[in-house]
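Hi,

Here is the structure I promised to pass on. Have a look at it first, and my notes follow below.

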Amino acid sequence: MMCEVMPTISEDTALSQRGSQSSSSDPDSHFEQLMVNMLDERDRLLDTLRETQESLGLTQQHLEDVIYDRDSLQRQLSSALPQEFAALTKELNACREQLLEKEEEISELKAERNNTRLLLEHLECLVSRHERSLRMTVVKRQAQSPSGVSSEVEVLKALKSLFEHHKALDEKVRERLRVSLERVTALEEELTAANQD
């Protein structure tokens, strides 16, 4: 705060007419007034200083409280974070295992789909190769059926019997092929032995 400016002392005629006694007391009264004003200003400054110090003390206390709260929160965070991190890691590993299981299941389903496609292709091949015998089977069944139309069950039975018949034929062909391969192997061994002799 600024000191109050003292009013300017004017030397007017009224003061000069008062006499020598009053003129000698004017500088003293002016000095006294100046001292009073300075003391008042000092008191105001001291009050302001005291208020500022109290405010600073409160602010420092508040700062210490905030620092304590911050440290406490950091401790809580550092103690909770590893547990949370471990839980998240465990959950991530579980999700990875589930993902691997689903990928295996998808692979199995793809393989099954491919097998089904191959079986369908094989069935189409069998049907196209043996269409004539199938037609004859269907005609026979239609003749036996009173309604004249083969049911799905009858067609499936016909396909099953045809499939089993050709499966047996395939097994016979495979057996003959195996016997032939064994004989060829034996003859090759005899030929190799004869060439060495």
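Which helices each supply at least two residues of the lining of the largest cavity? They are α2 and α4 (152–196). Bear in mind that this is a predicted model.

A bit more on that cavity. Searching the whole structure turns up one cavity of 30 Å³ or more, and the volume of the largest cavity is about 50 Å³. Around it you'll find Leu123, Leu126, Val127, Leu159, Leu162, Phe163 and His166. Of the two helices, α4 gives the most to this lining, with four residues. By character, the lining residues split into six nonpolar and one polar, with no charged ones.

On confidence: the average pLDDT for the protein is 79, and 77% of the residues score at least 70. Helix α2 (residues 20–129), which helps line the cavity, has the highest mean pLDDT among the elements, at 86. At the other end is helix α1 (residues 13–16), with the lowest mean, 43. Over residues 9–24 pLDDT stays under 50, and the model has three contacts beyond four places in sequence for that stretch. I'd read that part with this in mind.

Last, the cysteines. The search of the whole structure came back with zero disulfides. Cys95 counts as partly exposed because its relative accessibility is 42%, between the 20% and 50% cut-offs. Cys125 is also partly exposed, at 36% relative accessibility.

Cheers

How values were computed:
Residues are numbered from 1 along each chain as its sequence is written. This is a predicted model: local features need pLDDT of at least 70, side-chain atom pairs count only at pLDDT 80 or more; totals for chains, interfaces and linings use all residues. Side-chain values use heavy atoms; hydrogens and water are left out. A disulfide is a pair of cysteine sulfur atoms within 2.5 Å. Buried means under 20% relative accessible area, exposed over 50%, partly exposed in between (1.4 Å probe, protein chains only). pLDDT is the predictor's confidence in each residue, from 0 to 100. Contact means heavy atoms within 4.5 Å. On a 1 Å grid over the protein atoms alone, a cavity is a set of points where a 1.4 Å probe fits but cannot get out, and a pocket is an open set with protein on both sides within 12 Å along at least five of seven lines; lining residues have an atom within 4 Å of a point. Grid points are joined across faces, edges and corners, and a volume is the space filled by probe spheres set on the points. Ala, Val, Leu, Ile, Met, Phe, Trp, Tyr, Cys and Pro count as nonpolar, Asp, Glu, Lys and Arg as charged, and the others, Gly among them, as polar.
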